[in-house]
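Colleague: I am new to this structure and would like a close look at a single part of it, the largest pocket. Could you take me through what lines it, and set that against the chain as a whole?

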Amino acid sequence: MSNLVKKSGTISGPAAIKIRKAGRSPAKSAPVDGIPLFNLSPQGRIALIRQGIPASTITSLSARMGMSKEILLNSLGLSRATISRKEKDAIVLSSDESERVLGVENLIAMVQTMVEESGDPTGFDAARWVSEWLTEPLPALGGETPASYLDTFEGQKLVANLLAMIQSGAYA
């Protein structure tokens, strides 16, 4: 395990300083040791992915989304047993696992930004909206759900592009 990440999963030492200096916008989602999981600069996101985020992040993300942890894990293509063990032992996710979880955080941030740019976000819960949207079959995906594409980076990009098209009005 990296000496930059304590067993508890908190970021410490030079890594935390590097991420903080990398720049970020105000937090809109759950932070890791006070550092938002999204809206970091690309370098900050890469550093966070490389060192891993705490496995417990998945539990808090599923709670924020109002989505069962089982469904979230299945959507991300993550093993329940592996994640439970990492959570129990308070260790961080692998780079691949971290990137998938941060991809969902990015989708939530995208939707929140869309709503803020379009009007009054008062009372809007982006995490819950994304949770519901992810489980609806879409014609643009051949009747598949967006959640079925979250297990790969390319799939997450496809889902993010669909959200962008919704905002622009290119897809109705």
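**The largest pocket and its setting**

Modeller: To begin with the whole, the surface that the protein chain exposes comes to about 8,500 Å², of which 54% is supplied by carbon and sulfur atoms. This is a predicted model, and the mean pLDDT of the protein chain is 81, with 76% of its residues at 70 or more. Caution is due for residues 1-30, where the pLDDT is below 50, although this stretch has 65 contacts in the model beyond near neighbours in sequence.

The protein chain holds eight helices and two strands, and read from the N terminus these elements follow the order α-β-β-α-α-α-α-α-α-α. Of its 172 residues, 43% are buried, and among contacts between residues at least 6 apart in sequence, 54% join residues at least 24 apart.

Turning to the part you asked about, the largest pocket contains about 190 Å³ of space. Three helices each give at least two residues to its lining, namely helix 2 (42-51), helix 6 (95-118) and helix 8 (153-168), and helix 6 supplies the largest share, with five residues. The lining is made up of Arg45, Ile49, Glu99, Leu102, Gly103, Asn106, Leu107, Phe153, Gln156, Lys157 and Ala160. By character, this lining is mixed, since five of its residues count as nonpolar, three as polar and three as charged.

Conventions: Residues numbered from 1 in each chain as written. Predicted model: local features only at pLDDT ≥ 70, side-chain atom pairs only at ≥ 80, totals over all residues. Heavy atoms only, no water. pLDDT = per-residue confidence, 0-100. Contact = heavy atoms within 4.5 Å. 1 Å grid on protein atoms, 1.4 Å probe; cavity = no way out; pocket = protein on both sides within 12 Å on 5 of 7 lines; lining within 4 Å. Points joined across faces, edges and corners; volume = space filled by probe spheres on them. Helix = DSSP H or I, 4+ residues; strand = E, 2+ residues; numbered from the N terminus. Buried < 20%, exposed > 50% of the residue type's maximum accessible area, 1.4 Å probe, protein only. Areas by Shrake-Rupley, 256 points an atom, 1.4 Å probe, with all protein chains shown as cover.
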